[in-house]
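Student: I'd like a close look at one part of this model, the part built from strands. Please follow it outward to whatever adjoins it.

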Amino acid sequence: MRTVAVILAGGTGRRIGAATPKQLLDVGGRPILGYSVATFAAHPAIDDVRVVMARGHTSVAREIADRYGAGRVSRVIEGGATRSESTLAALRDLAGEPDDTRVLLHDAARPFVTAGIVDRCLAALESFEAVAVGLPTTDTVVAVEDGLVKAMPPRDTLSRFQTPQGFRIGTLRKAYELAAADPGFAATDDCGVVHRYLPDVPIRVVEGDERNLKVTHPLDIVIAEHLAGRAADGEAP
Ligand SMILES: Nc1ccn([C@@H]2O[C@H](COP(=O)(O)OP(=O)(O)OP(=O)(O)O)[C@@H](O)[C@H]2O)c(=O)n1
Ligand SMILES: C[C@](O)(CO)[C@H](O)COP(=O)(O)O
């Protein structure tokens, strides 16, 4: 059975507001995309790494994949207009994979994914069709509508999802096929697609890591520079 890592780098980084997509920004002497490429390429259980890149930037992504991917990034393909469309582009690219292939989908915007997180995802995929990486929330999180609190779920039932998210590829394909028939489809992650369209599929949540932050806003670049500096000094980021 094969295991494929897909690094989703199809976004443009609107919230960071830089001139280039944020995954190309230099942090600690390396483009953000280069970190996760290196981590997945170095993991002994990953057979194949693919990168989904924003339109117009596939050549530079290929250069980064060649520089940091230890020869293990087989394909760099063009993404879509939304994260889900980029996942769909990856699924199309992986059309030849048998249904039991394990696929890990990771945000390029999370440079400091660890081998330990990958290990936990793959261990969970031995018994589950879908796996998410999550951390408890330290804030109180509420649902708000029209400026008023509508619901206050107990905090200990909440988890902040990170990536990678892992699946038996047949399950993810099926969820996206069902989503394609829904005119109201919208999702912020891949587990959300499985949860909505295949509600009987249990999604196992494994422990994430605070270092696995998503570079989303300008302040996150400052934090990422700090974490990259620790890694360069030989410490865990
Ligand atoms: N059309 C898209 C949009 C997003 N992503 C990827 O999904 C991950 C999470 O998305 P996000 O952090 O929102 O990245 P951007 O879409 O680039 O950021 P923004 O929403 O601020 O524009 C990122 O690695 C991003 O490159 C993608 O592959 N294809
Ligand atoms: C997939 C994700 O990183 C899980 O937290 C998140 O949903 C991505 O959201 P974004 O708005 O595309 O950054």
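Tutor: Happy to: let's start with terms, since two strands pair if DSSP finds at least two bridges between them. Strands (E, at least two residues) and helices (H or I, at least four) are DSSP runs, numbered from the N terminus. The model is predicted, so local features need pLDDT of at least 70 and side-chain atom pairs count only at pLDDT 80 or more, while totals for chains, interfaces and linings use all residues. Residues are numbered from 1 along each chain as its sequence is written, and chains are lettered from A and ligands numbered from 1 in the order in which they are written.

A small hairpin makes a good warm-up. Strand 8 (residues 143-145) and strand 9 (residues 148-151) run antiparallel and are joined by three bridges. Ala143 has Ala151 in strand 9 as its bridge partner. Two residues lie between the strands of this hairpin, and Asp146 takes a positive phi near 50° there.

Now for the main sheet. Seven strands form an open sheet in the order 5-4-1-6-10-7-11, and the pairing is mixed. Strand 5 (73-78) and strand 11 (203-207) are the edges; each has a single partner strand, so one side of each has no neighbour in the sheet. On average, neighbouring strands are turned by 25° against each other, direction ignored. (Angles elsewhere run from 0 to 180 degrees between N-to-C directions, along axes that are lines fitted to C-alpha atoms, for helices over the stretch in contact.)

Strand 7 (residues 130-136) shows both kinds of pairing. With strand 11 it shares five bridges and runs parallel; here Val131 has Arg204 as its bridge partner. With strand 10 it shares six bridges and runs antiparallel. Along that pairing, Val133 stands opposite Gln162, and Pro136 stands opposite Ser159.

Strand 10 deserves a pause. Pro164 lies in this strand, and the peptide bond leading to Pro164 from Thr163 is cis, with omega near 10°. A second unusual backbone spot is Ala70, which has a positive phi of about 50° although it is not a glycine. Ala70 sits in the loop between helix 2 and strand 5. For background, most residues other than glycine have a negative phi, and most peptide bonds are trans.

Next come the helices that pack on the strands. Helix 3 lies across strand 1, strand 4 (48-53), strand 5 and strand 6 (102-107), and it runs at about 140° to strand 4. Helix 5 also packs on the sheet, where it touches strand 6, strand 7 and strand 10, with its direction at about 110° to that of strand 10. (Contact means that C-beta atoms, placed from the backbone, lie within 7 Å.)

Helix 5 (residues 169-180) has a helical partner too: it packs against helix 6 (residues 190-197) at an angle of about 70°, with the axes 9 Å apart. Helix 5 and helix 6 are therefore roughly perpendicular (65 to 115 degrees; under 35 is roughly parallel, over 145 roughly antiparallel and the rest oblique). Helix 5 brings Thr171, Leu172, Ala175, Tyr176, Leu178 and Ala179 to this contact, and helix 6 brings Asp190, Val193, Val194 and Tyr197. By class, these residues are eight nonpolar, one polar and one charged. (Ala, Val, Leu, Ile, Met, Phe, Trp, Tyr, Cys and Pro count as nonpolar, Asp, Glu, Lys and Arg as charged, and the others, Gly among them, as polar.)

Finally, the ligands. Around ligand 2 are Arg83, Asp107, Phe161, Gln162, Thr163, Thr188, Asp189, Lys214 and Thr216 (a residue is near a molecule if its C-beta atom, placed from the backbone, lies within 6 Å of it). Strand 10 (residues 159-168) gives the largest share of that shell, three residues. Gln162, opposite Val133 in the pairing with strand 7, is thus also a residue of the ligand 2 shell. Thr163, where the cis bond starts, is another member of that shell. The shell consists of one nonpolar, four polar and four charged residues.

Ligand 1 has 22 residues around it, of which Gly10, Gly11, Arg14, Arg15 and Ser86 come nearest. Strand 1 (3-9) and helix 3 (83-93) are the elements that give two or more residues to this shell. Its residues divide into six nonpolar, 10 polar and six charged.

How values were computed:
Two residues are in contact if their C-beta atoms, placed from the backbone, lie within 7 Å.
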